[in-house]
Amino acid sequence: MIKNLLFDLGGVIMDIKRQNCVDAFQALGLQRADEFFGQFSQKGPFLQLEAGQITVEQFHDAVRPHLQPGISDAQIDHAFCQFLVGIPVHRLRQLQQLRRRFKVYLLSNTNPIMWHSRIAQEFAQDGLCREDYFDGMITSFEARALKPDAQIFRHAIEHLNIDPEETIFFDDSQSNLDTASTLGFYTALVPEGCEFSEILARHSAII
């Protein structure tokens, strides 16, 4: 019996567009910006920030020398957040409905810049806050571990107090799902252009 739904954020709940972020940093002078950003993971100081290895201030200091002179912290943060397109309100309402039947959790590779600004704003657009949609949330920068490493899944199991065999994990990356599967989670791939509600409906046999 499935009791828990564990959701990735970007590409599942929130729409994202990598190229927007690449273009924004190129406009600030970052050479070969596309090499720093992957659809599922980042590189260099962007990766370090997401993994909780450096602070926001250290991130700014690491990135600024590669940009045009005079670029502010706010401009760097704004460019980084261009990765995020937004959350359609209907998905927020679907999460609310799901909490009537399941425990609903979040497991995201993200960073404190996005988490405390654009992500929080998107969850607030329907009059609630991020914490109103989930029974618990795990972020990579707080856990100091990144998907697809098994460490972040073990962290989620312990801190959310969930049984993988009672949990479906939704993600848009097959490598993340593969790791979760080895730890006993049921898994569901959410391909680009699909709604998580459609994918959930296909798992009616186990819920």
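1. Helices and strands, as the words are used in this note, are DSSP runs, with at least four residues for a helix and at least two for a strand, and they are numbered from the N terminus. On that basis the chain of this predicted model holds ten helices and seven strands. The radius of gyration of the chain is 17 Å, close to the 17 Å that the globule rule gives for 207 residues, so the chain is as compact as a globular protein of that length.

2. On overall dimensions and packing, the C-alpha trace spans about 55 × 35 × 25 Å along its principal axes. Of the 207 residues in the chain, 49% are buried. If we take the contacts in the chain with a separation of 6 or more, 68% of them are made by residues 24 or more positions apart.

3. Turning to the surface and the charges, the chain has an accessible surface of about 9800 Å², and carbon and sulfur atoms account for 46% of that area. There are 18 positive and 27 negative side chains, and the centres of these two sets lie 3 Å apart.

4. The loop between α7, which covers residues 140–143, and α8, which covers 150–160, contains P148, and the peptide bond that leads from K147 to P148 is cis, with omega near 10°. R144 is also placed in the loop between α7 and α8, and although R144 is not a glycine, it has a positive phi of about 55°. With a relative accessible area of 61%, R144 is exposed, because the term applies to values over 50%.

5. A further backbone point concerns N161, which is placed in the loop between α8 and β6, the strand of residues 167–171. N161 is not a glycine, yet it has a positive phi of about 55°. N161 counts as exposed, at 68% relative accessibility.

6. Is R130, which sits in the loop between α6 (112–123) and β5 (136–139), buried or exposed? At 9% relative accessibility R130 counts as buried, because the term covers values under 20%. The side chain of R130 reaches the backbone oxygen of W115 at 2.5 Å. Not counting residues up to four places away in sequence, R130 touches W115, I119, A120, F123 and M137.

7. Which residues does F170, a member of strand β6, contact when its neighbours within four places in sequence are left aside? They are L5, L6, F7, D8, V12, A188, V190, F196, I199 and L200. For one of these, A188, a backbone distance can be added, since the C-alpha atoms of F170 and A188 are separated by 4.9 Å while the two residues are 18 residues apart along the chain. F170 counts as buried, at 0% relative accessibility.

8. S108 belongs to strand β4, which comprises residues 103–108, and at 2% relative accessibility S108 counts as buried. The C-alpha atoms of S108 and I138 are separated by 6.4 Å, although these residues are 30 residues apart along the chain. Leaving aside neighbours within four places in sequence, S108 is in contact with D8, L9, I138, T139, S140 and K147. A reader comparing the points will find K147 again at the cis peptide bond to P148, and D8 again among the residues in contact with F170.

Methods. Residues numbered from 1 in each chain as written. Predicted model: local features only at pLDDT ≥ 70, side-chain atom pairs only at ≥ 80, totals over all residues. Heavy atoms only, no water. Rg over C-alpha atoms; globule rule 2.2 N^0.38 Å. Buried < 20%, exposed > 50% of the residue type's maximum accessible area, 1.4 Å probe, protein only. Contact = heavy atoms within 4.5 Å. Areas by Shrake-Rupley, 256 points an atom, 1.4 Å probe, with all protein chains shown as cover. Lys, Arg positive; Asp, Glu negative; His and termini not counted. Charge placed at Lys NZ, Arg CZ, Asp CG, Glu CD. Polar contact = N/O pair within 3.5 Å; in protein donor to acceptor, adjacent residues only side chain to side chain.
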